[in-house]
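Here is a set of short questions and answers on how the labels for one protein model are earned. Look at the model first.

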Amino acid sequence: VCSMGNSTSRLYSVLAKTLSSGAVSQHQDCLEQLDSAQLDPIDPKDLLEECQIVLQKRPPRFQRNFVNLKKNTASNHRPIRVMQWNILAQALGEGKDNFVQCPMEALKWEERKCLILEEILAYKPDILCLQEVDHYFDTFEPLLSRLGYQCTFFPKPWSPCLDVERNNGPDGCAMFFLKERFELINSANIRLTAMKLKTNQVAIAQTLKCRETGRLFCTAVTHLKARTGWERFRSAQGCDLLQNLKNITQGAKIPLIVCGDFNAEPTEEVYRDFSNSSLNLNSAYKLLSPDGQSEPPYTTWKIRPSGECRHTLDYIWYSQHALNVNSALGLLTEEQIGPNRLPSFNYPSDHLSLVCDFSFNQDPDRLL
């Protein structure tokens, strides 16, 4: 609910309409897709304006700039913008993550959801990959479907959100793509395994056809097991995901983009598994470094009771033989983040969003 003084915002009206139509499912129905075909489209400018009205008492959104990475390669199609973001599950932010320097007021869902939407609307991704989504049915699916996205959600089988009082259901991975730009060819919900055992982590992989070029490519989103001591477990999950993606892409014949919170620093085995895979993947954000070989110093920065945590855990992997990275969104500076770190009144998550513009390689011989 987003109230503004004595009047009710149009954003609230949109949400109220979807809520009254039964869009919010019970936990056991979370895999069902919602039919939003009969809902009216939303003008993204109107939704952005509504978000900004709700957020008028908060500091303005941080300014981040795109870094041009194009290497004089001609492209005859519009770039494909991909956004990766762990948005912080609301139940975990309020109930389990213990951000000791973040006021509870900053975590209020009524305003935090508008900060998340504002960030998405600002960068206008063609493909959006999210983790820790626990408000899919009452917020993201109803709104993003009306902005022209096709929406898919796959919750964790045993989400930690369900242990939090007054939770909003399980968290999971979600993928959104603009229907006017892409046609869905195939979609797979993958429950990751480790040592032949099914785990609590999931992935979504979708093969899309670019309507402008006719080219096929696969996009995947995942969120691997967290915490120190689970390095081998994450490696096993990564190997399982890679094997699934090899099958889906026919051994790299179909270009691939993999977004995720891997919960792994570049020194971990799962990172090396992806770097050395036969799928010929590269990490897009390495290209921001002077030598093109180093990951950013951080993609998450928070303060918990155990101390300050600054890590590089989030990545956008891509088929370097088939795709070019035209540009990447620069990260927030330490000064912008501030001494209390993330999340904050300025920023809704403990993870930074990553955004890249991709184009297809025009050299057909390099696709083999």
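Q: How many helices and strands does the protein have?
A: The model is predicted. It has 8 helices and 17 strands.

Q: What share of the 368 residues is buried?
A: Buried residues make up 57% of them. The cut-off is under 20% relative accessible area.

Q: What makes strand β17 mostly covered?
A: Strand β17 runs over residues 354-360, and 7 of its 7 residues are buried. Each therefore falls under 20% relative accessible area.

Q: How do you know that both faces of β17 are covered?
A: Take each side in turn. Leu 354, Cys 356, Phe 358 and Phe 360 are buried on one side. Val 355, Asp 357 and Ser 359 are buried on the other.

Q: Why are β4 and β17 said to pair?
A: Pairing needs at least two bridges. Strand β4 (residues 80-86) and β17 have 5, in the antiparallel sense, so they pair. In β17, Cys 356 is the bridge partner of Val 82.

Q: Why does β16 also count as a partner of β17?
A: Strand β16 (residues 323-329) and β17 share 5 antiparallel bridges, and at least two are needed, so they pair. Here Leu 323 has Phe 360 of β17 as its bridge partner.

Q: What makes the largest nonpolar core a core, and which residues have the most contacts inside it?
A: Its 70 residues are buried and nonpolar, joined through side-chain atoms within 4.5 Å. Ile 127, Phe 140, Phe 176 and Phe 358 have the most contacts inside it. Helix α4 (residues 109-123) gives the largest share, 8 residues. A second, separate core has 25 residues, including Ala 188 and Leu 281.

Q: Which residues does Ile 127 touch, leaving aside neighbours within four places in sequence?
A: Among them are Ile 80, Val 82, Phe 176, Leu 208 and Phe 217. Each of these has heavy atoms within 4.5 Å of Ile 127, so each is a contact.

Q: How do you know that contacts join residues far along the chain?
A: Count contacts between residues at least 6 apart in sequence. Of these, 78% join residues at least 24 apart.

Q: What lines the largest pocket?
A: The lining has 34 residues. Lys 225, Ala 226, Arg 227, Asn 263 and Arg 304 lie nearest the centre. By class, 10 are nonpolar, 10 polar and 14 charged. β9, α6, β13 and β14 each supply at least two residues. The space in this pocket is about 790 Å³.

Methods
Residues numbered from 1 in each chain as written. Predicted model: local features only at pLDDT ≥ 70, side-chain atom pairs only at ≥ 80, totals over all residues. Heavy atoms only, no water. Buried < 20%, exposed > 50% of the residue type's maximum accessible area, 1.4 Å probe, protein only. Helix = DSSP H or I, 4+ residues; strand = E, 2+ residues; numbered from the N terminus. 1 Å grid on protein atoms, 1.4 Å probe; cavity = no way out; pocket = protein on both sides within 12 Å on 5 of 7 lines; lining within 4 Å. Points joined across faces, edges and corners; volume = space filled by probe spheres on them. Nonpolar A, V, L, I, M, F, W, Y, C, P; charged D, E, K, R; others polar.
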